[in-house]
Amino acid sequence: MESQQFLPDGTPVRHYDVHSLYGWSQAQPTYFAVRNATGERGIVITRSTYPSSGRWAGHWLGDNYARWDQLEKSIIGLPNIGADICGFFNDTTYEMCARWMQLGSFYTYSRNHNKGGYKQDPVSFDEKFENISRDILNTRYTLLPYLYTLMHESHVLGSTVTRPLLFEFVEDKNTWDVYKQFLWGPALLISPVLDEGATEVNAYIPSTRWYDYYTVSNLRVKKENECAFWLPFYFCSRQNFMGLTVALDDNEVAQGQLYWDDGVSIGKCDHFCVLEITIVHNGYTDPNNLKFDEIKVLGVDRVPLAVTVKQNGVTVPSLHSVSYSLLHITGLQLELGKPYSVDWSSVVEDNEKFNCYPDSGASEENCTARGCIWEVSRNDLCEILVSLTAMGIVLPLFNTLRLEVKYHDDNMLQFKIYDANNKRYEVPVPLFLPSTPTSTEAGRLYEVTIKNNPFGIQIQRKRTGTIIWDSQVPGFTFSDMFIQISTRLPSQYVYGFGETEHTTFRRDMNWQTWGMFTKDQSPGYKLNSYGFHPFYMGLENDGNAHGVLLLTSNAMDVTFQPTPALTYRTIGGILDFYMVLGPTPELVVQEYTALIGRPVMPPYWSLGFQLCRYGYQNDTEVSDLYEAMKAARIPYDVQYTDIDYMERKLDFTLSPNFAGLPALINRIKEEGMRFIAILDPPISGNETNAYPPFTRGVQDDVFIKWPNSPEIVWAKVWPDYPNVVVNESADLETQIKLYRAYAAFPDFFRNSTAQWWQREIVEFHTNPIIQRRVKLINGAVDGCREPLLNNPPYMHEKGLDLVTLCMESQQFLPDGTPVRHYDVHSLYGWSQAQPTYFAVRNATGERGIVITRSTYPSSGRWAGHWLGDNYARWDQLEKSIIGIMEFGLFGISYIGADICGFFNDTTYEMCARWMQLGSFYTYSRNHNVIGTQRQDPVSFDEKFENISRDILNTRYTLLPYLYTLMHESHVLGSTVTRPLLFEFVEDKNTWDVYKQFLWGPALLISPVLDEVIRGQFQTLPAPLEHINLHIRGGYIIPWQEPGLNTNQSRQNFMGLTVALDDNEVAQGQLYWDDGVSIDTYENGNYFLATFAANQSTVIMSVVHNNFLTNANPLKFGYMNIWGIGNQQITGVTVTYDGQTHTITNFTSNQGNQVGEKIKGFGYNIFSSTVIINPFFLVYTFLYILNLCILMYIPIM
């Protein structure tokens, strides 16, 4: 170490200090010696390196050993270097050396080297070994242009060549520990065999589209918005033709570059040539001057039909062949120094075809008459393969169509196609649009392009380039009674469109057609039902989300096809589309409800459990049920009677069998409960005694009439005729024909009708809710008068007048404009919701609830919804989850299904499981039909009562959290019942989860939905008494001691459950008001607090308070803190109103890291900040409670 050396300036240094620089000091002079000796670039390979040695030299990993562990260890030390292939010391083995030749062919410095007499070069074994070596080295040599380009980028930019997976996928923490695989640059993944005897590799495949290099098969892992690449290659020699491998990503684009020089000259990189190539779906452009013989394009979904080579846009002769297993273009001979483009067209597969003749009567003659191509395909389509005109097909086509595109704001746009010269029906539902557009060019999330030949609209998300709407497909049609438009979609992930029953939350894209036209139809697969919601949310492959509303109310259907694409067909009106850009699923719903109106804020009591039955015989039966529920101490807030309470099912009357009902209602209300009676819209016109609702309705001109006539359109549904005896055993059709009175239907569009309806309800008032349901004869008593309107040319059903009024019936908008029932039929429930909402307010002076089966976009402003007359079947449980999540998309947050089923007899187990599930519907009601067995919580046995009590106590405990979520929905448009994908969209597994759901962001509900032998297919038992609930780390949930009803529970202590996340923090909030007053938020009469947990402190801060006082307090008495780890807790303090108090009543469980339970501090919270300090060192761990069945838990 005392040896002396001298620096370039003559300064002496000890070898003691510079020993580790010896190899570094030798590299530069050796580098220049090689240059001077050869006049070319050379290589210097050194074992001894120091920072910056790479400027002059490469490196090999030294004298390694012929051992299997050395293979993976060579990967760890790999970037821009190599190891001695097959090992330096010791004799290698045949298998080890073969595997090492495969691995070493992807060292950037690839050398086989050893010591001693045992040979290990490629020709030292046998013919098989030679073949293995030749094949893998041919692969290396084929890819040398790509490697050479990477080496150039490393030289110029400092990029890595041999690249750990985490360098490309750092957002995926799984890659942070991957060291047995590596990448060449960003595009080539090498997964070698590193173990003796192995014939498979357990490889980690990051989330993007990958192609097998040898088979070019598409390995479809989770497809994120990763870039795709092309790889330049040549075979064996620099004198041979070049090639490209183009690997398209999910957006069907790819990019890459090639660096090329003579390979030896010094200083060429100072004036290098770079070929940059962009591949977009239907073409490939080469703007440089290199000579390419072949191009491989991976990821082309359609079979190539023709290839055209062009120079400067002019086709030039060329020879090429096409392999149909992939797009493999050969024999191109694209000469140096000339720019070229290579374009290909493809055979149109069935998935790319759009149905030109969706109506009945498709034949070759009819198809070709529309200018389409008749070809028998597996989908039996009359196909549109070519553009006919700029605007579509003549059916006849209006010649005066106008397109308007309005950029309303940065997140929302409208595009509208209508007849400029002829006024057509437009939906009279008001939307919340800015008076003038507020978007800016820089701020818009979207870009719109109008296409021609064929006409189409293309909408692209600016940030990612993803095309989220592309209607430039043939088939656009605009005629009087048939309008069609199709669009390509960015992915297969489409949610929404209703109301129809279907089997998964995500829509089936395999050539499925779904109708929309409101109808009194019990839920059934593919049957258009009560509501009309032409809105969908689409997920893009990168997890961004958007929403699309077609504002129409005419009968319509949508067809999904696996292209993916979507076709709209409707039979009237115009095309009026609104698109919101999110980009998250939750923001899509918030932006959509900003457009159509925020959901209504229900009263607090309406979040309690509710009981109803169609078939109560008298008020004594109802009273007995109420007393039994009280005796069993099962929480519930609302008791109903269905139309049994009416005399002959006649609105605003009381049956003699229910003479004691008013007294029962008063008793129930005095004990903190609520009572609901149901009303229907049809009004009898056959009464022999005075019936003011009808006579006043005639005076106010409220009923629907024939066009341009004073005649009422008479229908039949109920009530029954007066003074007749009904044969209850007769079938429904016979009863309607023989016993049902003529009924008039109010036209709720009219201002006079709204006033009449509110007056009738106020006079009748004992009820805070109105529901509606009707089952009519077809059309009218005397039949319909306009066959074309009731049976239009394009129609799937038996007729539009099926169980509803005639389509020619005339209604009047508030401004007096006449409209046909043909156009507004699906708005009937919507038109009734608002006047009913205000009637309840006027009658009670409080918030009430309106529950309607028939809904339309913006119905949620006034009403909640139940999923209709379902069946007591196991499949209805999971379908109800789909329904409640779907209506969350539609902007209706107060939603539920009839617990235990409406039709058919339930079973014990099914009803118990449904009670558990239904306790987490926002609208939680048990309801069934006349003639079936009882299914209320006290109708079975003591065990069933216990199950019901336990789960309803859980619901009531969590009502403060649910009420806060309903407030957020009302103010912000947030979802309450929330699909998992809304919170974990980065996890594609959640995109197909529909058997679990969330309340807000924090509470995961995983119910049992199947009739199973308990314990089978489950990770832990899920006994009949149990439903699975999980609180998400990072959130604080307010709760309250339950009572027998919400009136009692609101008097009890509040509590908080603090669930810490991995960063040891959590947050939440509580909204509180009196639970009943009108517009409490709008008037500022509420309390709002936020909660935050950070390190060893929980802070409760008051954001707003114009409600709580010393005389009207809200007391917090409990706090559970989960996820604190195993630290010892020695004490807890509470700082309130500047005063610090020590809490002694707490428990801690270190074993399961639940943390602490603090109770009994009982502080009024209304104007101060409260700080709770548990004494411990650190919080750790995400805590999840009760993992009890096989379920999906998103990873945070």
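**Strands, a helix and some totals**

Reader: Which residue in S29 is the bridge partner of Val448?

Author: This is a predicted model. In it, strand S28 covers residues 446-451 and strand S29 covers residues 456-461, and the two pair in the antiparallel sense over 6 bridges. One of the residues of S29 faces Val448 as its bridge partner, namely Ile459.

Reader: Which residue takes a positive phi in the hairpin of S28 and S29?

Author: The hairpin has 4 residues between the strands. A positive phi near 55 degrees occurs there, and the residue that takes it is Asn453.

Reader: On which side of H11 do Leu661, Leu664, Ile665 and Ile668 lie, the same or opposite sides?

Author: Helix H11 runs over residues 661-670, and its buried residues are Leu661, Leu664, Ile665 and Ile668. These four cover an arc of only 100 degrees around the axis, so they lie together on one side. The general reason is that an α-helix has 3.6 residues a turn, so residues three or four places apart point the same way. For the buried residues of H11, the answer is the same side.

Reader: Which residues are exposed on the other side of H11?

Author: Exposed here means over 50% relative accessible area. On the side of H11 away from its buried residues, two residues are exposed: Ala663 and Glu670.

Reader: What covers the buried residues of H11?

Author: The cover of these buried residues includes one helix, H10, at residues 619-631. It also includes strand S41 at 638-641 and, at 674-677, strand S42.

Reader: Which residue with a positive phi follows H11?

Author: H11 is a helix of residues 661-670. After H11 comes a residue whose phi is positive, near 90 degrees, and that residue is Gly672.

Reader: Which strands stand at the edges of the sheet with the order S48-S49-S50?

Author: This open sheet has 3 strands with parallel pairing. Each edge strand has a single partner strand, so one side of it is left without a neighbour in the sheet. The edge strands are S48 (851-852) and, at 895-896, S50.

Reader: Which residue in S50 stands opposite His865?

Author: Strand S49, residues 864-866, pairs with S50 in the parallel sense over 2 bridges. Opposite His865, the residue in S50 is Ile895.

Reader: What percentage of the residues in the chain are buried?

Author: The chain has 23 helices and 67 strands. Buried means under 20% relative accessible area. Of the 1196 residues in the chain, the buried share is 57%.

Conventions
Residues are numbered from 1 along each chain as its sequence is written. This is a predicted model: local features need pLDDT of at least 70, side-chain atom pairs count only at pLDDT 80 or more; totals for chains, interfaces and linings use all residues. Side-chain values use heavy atoms; hydrogens and water are left out. Buried means under 20% relative accessible area, exposed over 50%, partly exposed in between (1.4 Å probe, protein chains only). The arc is that of the directions from the helix axis to the C-beta atoms. Contact means heavy atoms within 4.5 Å. Two strands pair if DSSP finds at least two bridges between them.
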